[in-house]
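Dear colleague,

Please find below the structure that I am handing over to you. I should be grateful if you would keep it open while reading the notes that come after it.

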Amino acid sequence: MPEKAPSKSLALRFQKKMLGMTVKSKEKVRGYIDDTTSDLLDLLYDFAVTDTGDDKVAKKVLKDTIKIMVKIGLLISKSQFSEKELGLLENFRKKVKHGALTIVSYHEVAFTYDQEYLSRTIQESRDILQQVIARHLTDKSKARVNNVFGYYGDGERLTRLYNDERYSGAGGKRSLVPTAHVYTNINHNDIQQYLLA
């Protein structure tokens with residue numbers, strides 16, 4: 001008896017490859033993400049540009065973030081995750097939402113910032129996501145996950161977010177620390193079933 005044709009698997013691999021080739025910036029991915037996600041990506045990008053002063057670094061982290069989100073969304077839409085992986089994905093979703101709420105509360109309640117706790121939460125989120133994608137995505141995609149979570153989970157960088165007035169919205173500038181409004185939108189809008197879905 002001939003082996004079953006791997007068309008479904010090949011088609012999924014092709015879709016992931018095409019996404020990787022076409023999703024190069026937030027502007028090109030508008031059809032894949034909602035406005036809330038776009039606003040959050042803008043905040044993350046603005047923070048990276050302000051922090052590094054290097055547009056190339058900020059764009060690389062943004063592109064990696066977008067590619068991860070879209071690929072996970074594709075895997076979800078094609079029902080590629082096992083029950084165990086879906087359970088891990090749910091744990092990841094809860095961990096990320098908890099992290100987002102923690103970031104907001106640190107900004108809104110003075111003297112509550114705990115760099116170790118926040119860094120650990122971000123790194124634990126990364127570890128869970130790596131388990132979810134382990135059998136689905138390439139080493140290159142896994143490296144993107146490490147890049148994104150390593151960048152935003154860096155303790156010194158997080159400390160600057162809370163202690164440097166460049167990020168606080170001082171002088172009439174927009175705050176680069178996510179506010180309760182952003183978190184509320186994340187919590188109530190489904191974010192396209194991606195990282196925070």
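The notes below describe aromatic rings first, then one helix, and then the packing of two helices.

Please bear in mind throughout that this is a predicted model.

Aromatic rings

The structure contains 4 aromatic pairs. One of them joins Phe-47 and Tyr-152: the ring centres are 6.2 Å apart and the planes stand at 35°, so this pair is classed as tilted. Phe-47 belongs to helix α2 (residues 35-52) and Tyr-152 to helix α6 (residues 139-152), so the pair ties together parts that are 105 residues apart in sequence. Phe-47 has a relative accessibility of 5% and therefore counts as buried. Tyr-152, at 12%, also counts as buried, because the term applies under 20% relative accessible area.

Another pair is formed by Phe-92 and Phe-149. Their ring centres are 6.2 Å apart and their planes lie at 65°, so the arrangement is edge-to-face; the cut-off for that class is over 60 degrees. This pair, too, links distant parts of the chain, since Phe-92 is in helix α4 (residues 83-108) and Phe-149 is in helix α6, 57 residues apart. Both of these phenylalanines, Phe-92 and Phe-149, are buried.

Ring pairs also link Phe-47, Tyr-151 and Tyr-152 into a cluster. Over the ring of Tyr-151 sits the charged end of Arg-157, 3.7 Å from the ring centre.

Helix α7

Arg-157 appears again in helix α7 (residues 155-163), where Gly-155, Arg-157, Leu-158, Leu-161 and Tyr-162 are buried. Viewed down the axis of α7, the buried residues fall within an arc of 165°, so they line one face of the helix. A general point helps here: an α-helix has 3.6 residues a turn, so residues three or four places apart point the same way. The exposed residues Glu-156 and Asn-163 are carried on the face of α7 turned away from its buried side.

Packing of α5 and α6

How are α5 and α6 oriented to each other? Helix α5 (residues 115-133) packs with α6 at an angle of about 170°, and their axes are 9 Å apart. The two helices, α5 and α6, are therefore roughly antiparallel. Among the residues that meet between them are Ile-122, Leu-129 and Ile-133 in α5, and Val-145, Phe-149 and Tyr-152 in α6. Phe-149 and Tyr-152 thus recur: Phe-149 pairs with Phe-92, and Tyr-152 pairs with Phe-47.

With kind regards

Note on methods:
Residues numbered from 1 in each chain as written. Predicted model: local features only at pLDDT ≥ 70, side-chain atom pairs only at ≥ 80, totals over all residues. Heavy atoms only, no water. Phe/Tyr/Trp six-rings, centres within 6.5 Å; stacked < 30°, edge-to-face > 60°. Helix = DSSP H or I, 4+ residues; strand = E, 2+ residues; numbered from the N terminus. Buried < 20%, exposed > 50% of the residue type's maximum accessible area, 1.4 Å probe, protein only. Lys NZ or Arg CZ within 6 Å of the ring centre and 35° of its normal. Arc of directions from axis to C-beta. Axes fitted to C-alpha atoms, helices over the stretch in contact; angles between N-to-C directions. Parallel < 35°, antiparallel > 145°, perpendicular 65-115°, else oblique. Contact = heavy atoms within 4.5 Å.
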